[in-house]
Amino acid sequence: MHLTLMLPEMLVFGAGLSVLIGGSFLARRRQWWGRVVAAAALCGAGVVAAVQLAGSDGVAFDGTFVVDTATGVARIASAVGLLAVLAVAGDEIAGSARESEIYALLLFATTGVLVLAGTADLIVLVAGYLLASIPLYALIGLARTATGAEAAMKTYLLGALFGILLLLGVSVLYGVTGGTWYPQVAGELGTAPSGAVAAGLIGILGGLLFKAGGVPAHFWIPDAAQGAAGTVAMFVTTVPKVGALIALYRLADLLPDTIAWPLLIGLLAVASMTLGNLAAYWQSDPRRLLGWSTVSQVGYLLVPVAVVGRSDLAVPALLFYLIAYTVTNVAAFAVSTALPGLRDLGSYRGLAYERPWLAGALVVALLGLLGTPPTAVFVGKLTTAGAAWDGGAAWLAVVVFVNTLISLFYYLRWIAPCYQRVDGRDDAFPVTSWSVATAVGAAVLSLALGVGAGLVWRVVAG
């Protein structure tokens, strides 16, 4: 069954079990060992993923799990994203009563994300969805605040609803094709009733959009970003999207021309990017603003999915954008966790004069999310729009550029106060060291990916 092909997933899941069990026998002051074990496993998984990425494609478990370029990119992006989350956790949850449990839940959820990214079977898709979703409910609720409880309840209810829709969609497609293995499903969908195929697609699409945080399953994202701990908020707005969107690309690659699935995904992309941008206009809490920004970014990421099979740029553009978004969003959230007491945009006044490195990281992150050169997201948006144009969906490319202009306003609303002088300020913006290092490092990496986009493109293009 070529189990070694799934070594990264086994390393991450095994580390989760080790941290969960080992944490029960460690004193609270020694719980940091869990973070060390988790980081070591993620580094190992990333190295193995890079080695396999340089080799040929393969399949495991009788073809139900695919190891290809998309899987390799998902593994590396998820490992980098979670390593950044663990770094921020060194400031925020170190020494807390649930430290080891949080690390274990993060590792289990990441394993589910990796399973989603490589699945080639509808049953494995369901398993990955559940493994990636259930830990999130506990992680968000651990904040022990009113907003955290509300966010956890909303996430749970929406997760249950869209999980049922996912199961219904899988059941319908199984019923009309007689199988769950993707090659078998693809061979039967062309002759299946188009109404049933459309119903199955809508159900699975709903479940995956919940994981990604896109319209219409987006309602929990802003609440989680605002109410959960900063460590958890950074995770839920970054890593799960990698697996969900790659899983959605694999599903779209199976669908026949008997249904207008490109139009459906294109309309959802427009709805996500437009609603996310408009809702972010009125936010004063920086983390809630980033939550709505996440919804809009999912819209951009759906654009290449809408032209899968019609443009050779679609898959590389999606994979590059996922890498770019991961490091850039990490940088933005790390700034907010470095200054945990600042929960209003106006409270950032004077940051550039007191903490210039942190302000610089914030500017790079926000202008990166906007899509300003030479950041990585700029290349992601440009190639995404190019894929839409090449795939015969020029209207989607136009919407991408229009929404990028719309988003300029609310990103500048956060940047502008940083460069306003404040006389007689009593404090000098006390910061947390690990978060500052993470923010600056991720911002530098976003710039490096943008400048070296040609090298990365060769990798994601296979």
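In the predicted model, Asp-223 has a relative accessibility of 11% and therefore counts as buried, the limit for this class being under 20%. Lys-154, by contrast in class, is partly exposed, with a relative accessible area of 28%. The side chains of Lys-154 and Asp-223 meet in a salt bridge, with an N to O distance of 3.2 Å. Because Lys-154 lies in helix α6 (residues 146–177) and Asp-223 in helix α9 (residues 220–227), this pair ties together parts of the chain that are 69 residues apart in sequence. The pairing does not stand alone, since Arg-288 is linked with Lys-154 and Asp-223 in a network of salt bridges.

A search of the whole structure finds seven salt bridges, and two further pairs are described here. Arg-35 forms a salt bridge with Glu-99, in which the closest N and O atoms are 3.2 Å apart. This pair links distant parts of the chain, with Arg-35 placed in helix α2 and Glu-99 in helix α4 (residues 99–118), at a separation of 64 residues. Arg-35 counts as buried because its relative accessibility, 18%, falls under the 20% limit, and Glu-99 is likewise buried, with a relative accessible area of 1%.

Arg-250 forms a salt bridge with Asp-68, and the closest N and O atoms of this pair are 2.9 Å apart. Here too distant parts of the chain are linked, for Arg-250 belongs to helix α11 (residues 239–252), whereas Asp-68 is found in the loop between β2 (65–67) and α3, 182 residues apart from its partner. Both Arg-250 and Asp-68 are buried.

The largest pocket contains about 270 Å³ of space. Its lining is formed by 13 residues, of which Ile-76, Ile-323, Leu-449, Val-456 and Val-459 lie nearest the centre of the pocket. Two or more lining residues are given by each of the helices α2 (32–54), α3 (69–92), α14 (314–338), α19 (433–451) and α20 (453–460), and the largest share, four residues, comes from α3. In character the lining of the largest pocket is nonpolar, with 13 residues in that class and no polar or charged residue. Helix α2, which holds Arg-35 of the salt bridge with Glu-99, is thus also among the elements that contribute to the lining of this pocket.

Terms used
Residues are numbered from 1 along each chain as its sequence is written. This is a predicted model: local features need pLDDT of at least 70, side-chain atom pairs count only at pLDDT 80 or more; totals for chains, interfaces and linings use all residues. Side-chain values use heavy atoms; hydrogens and water are left out. On a 1 Å grid over the protein atoms alone, a cavity is a set of points where a 1.4 Å probe fits but cannot get out, and a pocket is an open set with protein on both sides within 12 Å along at least five of seven lines; lining residues have an atom within 4 Å of a point. Grid points are joined across faces, edges and corners, and a volume is the space filled by probe spheres set on the points. Ala, Val, Leu, Ile, Met, Phe, Trp, Tyr, Cys and Pro count as nonpolar, Asp, Glu, Lys and Arg as charged, and the others, Gly among them, as polar. A salt bridge is a side-chain nitrogen of Lys or Arg within 4 Å of a carboxyl oxygen of Asp or Glu. Buried means under 20% relative accessible area, exposed over 50%, partly exposed in between (1.4 Å probe, protein chains only).
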